[in-house]
Amino acid sequence: MKSHSGIIGNEGADHLAYKAAVNQISDVSLPPATDAFYDLIWLSIPNKVASHTEELRILTNLQDELKNHMHAHHYLGEANTDTLIYKLWQKLHNTPQRAAQPDSHTRQATAKPLEHAQFSNKFWSMPNVIFKEREQVLKYKTNTIHTGKHTKRFSHTTGPATCPLCRGSDSAPLLPFRCNNHTLKRMHIYRHHHAVSLCSEEISKGKLGSAIVTMDACISGKLSDLNIEPPDDNERNIPDWVFPTQQNLPTRHKSRPYGVLVMPIEGRGRHWIPNRSPQRTETYIL
Amino acid sequence: MQGAISKQQIIGAGIFTPTTDAGYSNTVTINPGGSGPTLTINRAELAAVLVLVQKGHTETATDSASSLFQVRKRLLNPMAVLHHLHRELLKDIVYLIQFHLLLSLFTK
């Protein structure tokens with residue numbers, strides 16, 4: 001509400017606050033504030049001014065010099081490099097061992113790193129992505145984004161480490177897709193369908209356009225409600241031949257590919273029937 | 001709910017509940033307890049919010065957008081207010097909102 005605009009409740013509260021400040025009469029007294037700067041420290045060394053007097057000399061700020069001195073190898077610091085996330089991160093740059101065997105004719109390693117030189121890290125150099133977004137993605141990827149789990153670990157809260165919206169265990173995976181709050185769940189579903197639709201649309205425009213068999217998005221009616229236009233002639237359901245050994249397992253519906261592309265082989269034409277298993281000689285990209 | 005600061009650097013806060021179930025207005029005056037750098041109007045306003053949530057009120061009207069922003073910031077991004085001047089008040093407010101109340105509606 002706008003202050004000092006004649007609202008009775010606001011004017012009454014204003015009067016009470018003034019009365020409490022001037023008359024020093026209060027119904028409720030909060031405990032005195034502790035030192036607001038008790039946790040801020042600055043390094044200093046004793047410095048002799050005269051024969052018997054000594055005063056503290058404040059050390060200079062070396063933050064800028066340290067930043068200039070740091071290079072890529074220093075960034076890790078004392079970070080734990082035995083974690084799964086770090087290994088997966090490094091795996092992107094490494095070459096698969098099986099494929100790294102030297103070719104019998106050329107005696108040179110034929111394998112390439114898992115990451116694609118042009119597309120895999122395109123996000124980091126896109127001009128329309130701001131620094132803050134890159135920072136957040138990096139924090140999410142390295143599991144250092146601040147969550148209730150970290151708040152609890154660093155003793156910044158006395159309560160349990162739960163999400164304030166759904167009261168579930170707060171962690172990095174909960175932020176993008178596991179919160180059970182109704183509004184957030186709709187946001188997650190919308191974001192997922194939008195991303196899958198965009199990817200499928202882009203693929204359908206390229207040379208692999210005719211290879212799309214299915215895409216994991218919602219039914220077209222719901223997508224149109226969300227102003228998303230899925231590509232034509234795409235099946236939603238993942239065909240059974242993708243999971244030949246997990247037909248009836250519940251995990252099949254929890255972990256499934258976003259899309260299935262079946263590469264056509266020259267002279268054979270397109271794989272038109274999604275429910276039919278492709279021939280063994282065809283190549284699958286999941 | 002309101003905070004005030006006088007010319008002698010003394011702060012106070014007040015809560016005005018227009019009509020209670022008993023049929024009369026309920027008033028509460030608050031001593032925010034600040035000193036030195038913490039003797040600010042913002043402390044008075046946050047103190048009023050803290051007393052409100054301590055008393056179990058779930059609907060609050062205030063003219064202090066600053067307090068609401070800070071409570072929201074403490075809820076959604078606790079690290080951003082790690083060195084806030086009134087971090088203790090914010091911590092208590094957020095703790096009560098998160099774990100004691102079912103729903104809190106703050107209105108500016």
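Let's start where the two chains meet: 39 residues of chain B are in contact with 33 residues of chain A. Keep in mind that this is a predicted model. On the chain B side of that meeting place, β1 (2–5), β2, β3, α1 and α3 each supply at least two residues. The largest share there comes from β2(B), with six residues. Sort the chain B side by class and you get 23 nonpolar, 13 polar and three charged residues.

The two chains also share strand pairing. Strand β1 of chain A, residues 28–29, pairs with β3(B) in the parallel sense, over two bridges. If you want to find the spot, look for V28(A), whose bridge partner in β3(B) is I30(B). Then look for S29(A), which stands opposite N31(B) in β3(B). On the chain B side, β3(B) is also joined to β2(B), by five bridges, and these two strands run antiparallel. One place to see this is T17(B), which has N26(B) in β3(B) as its bridge partner.

Now for the inside. In soluble globular proteins, nonpolar side chains tend to be buried together. Here the largest nonpolar core has 26 residues. Which residues have the most contacts inside this core? They are I30(B), A47(B), A48(B), V49(B), L50(B), V51(B) and I93(B). You have already met I30(B), as the bridge partner of V28(A). The elements that give two or more residues to the core are α1 (8–23) of chain A, together with β2 (11–17), β3 (26–31), α1 (41–54) and α3 (87–99) of chain B. Of these, α1(B) brings the largest share, nine residues.

A good place to stand inside this core is A47(B). Setting aside residues up to four places away in sequence, A47(B) touches L30(A) from chain A, and A13(B), I30(B), P32(B) and L89(B) from chain B. Apart from this core lies another one, of eight residues, including V196(A), A211(A), L261(A) and V262(A).

Let's follow the chain A helix that contributes to the larger core. α1(A) has 16 residues and reaches 22 Å from its first C-alpha to its last, close to the 22 Å expected at 1.5 Å a residue. Which of its residues are buried? In α1(A), these are N10(A), A13(A), D14(A), L16(A), A17(A), A20(A) and A21(A). They cover an arc of only 165 degrees around the axis, so they sit on the same side of α1(A). Turn to the face pointing away from that buried side and you find the exposed residues I8(A) and N23(A).

Right after α1(A) comes Q24(A), in the loop between α1 and β1 of chain A. Its phi is near 55 degrees, a positive value in a residue other than glycine. Is Q24(A) buried or exposed? Q24(A) counts as exposed because it has 11 C-beta neighbours inside 10 Å, and the cut-off for exposed is 12 or fewer.

Stepping back to chain A as a whole, its secondary structure comes to nine helices and six strands. Of its 286 residues, 12% count as buried. Among contacts in chain A between residues at least 6 apart in sequence, 34% join residues at least 24 apart.

Further along chain A is another residue with a positive phi that isn't glycine: R167(A), near 65 degrees. R167(A) sits in the loop between α5 (148–153) and α6 of chain A. With 13 other C-beta atoms within 10 Å, R167(A) is partly exposed.

That loop leads to our last stop, helix α6 of chain A, residues 174–178, where L175(A) lies. Why is L175(A) classed as partly exposed? Because 16 other C-beta atoms lie within 10 Å of it, and a residue needs 20 or more to count as buried. Leaving aside neighbours within four places in sequence, L175(A) is in contact with I145(A) and T147(A). Take the pair L175(A) and I145(A): they are 30 residues apart in sequence, and their C-alpha atoms are 9.7 Å apart in space.

Definitions and conventions
Residues are numbered from 1 along each chain as its sequence is written. Chains are lettered from A and ligands numbered from 1 in the order in which they are written. This is a predicted model: local features need pLDDT of at least 70, side-chain atom pairs count only at pLDDT 80 or more; totals for chains, interfaces and linings use all residues. A nonpolar core is a set of buried Ala, Val, Leu, Ile, Met, Phe, Trp, Tyr and Cys residues joined through C-beta atoms within 7 Å. Helices (H or I, at least four residues) and strands (E, at least two) are DSSP runs, numbered from the N terminus. Two residues are in contact if their C-beta atoms, placed from the backbone, lie within 7 Å. Ala, Val, Leu, Ile, Met, Phe, Trp, Tyr, Cys and Pro count as nonpolar, Asp, Glu, Lys and Arg as charged, and the others, Gly among them, as polar. Two strands pair if DSSP finds at least two bridges between them. The expected span of a helix is 1.5 Å times one less than its number of residues. The arc is that of the directions from the helix axis to the C-beta atoms.
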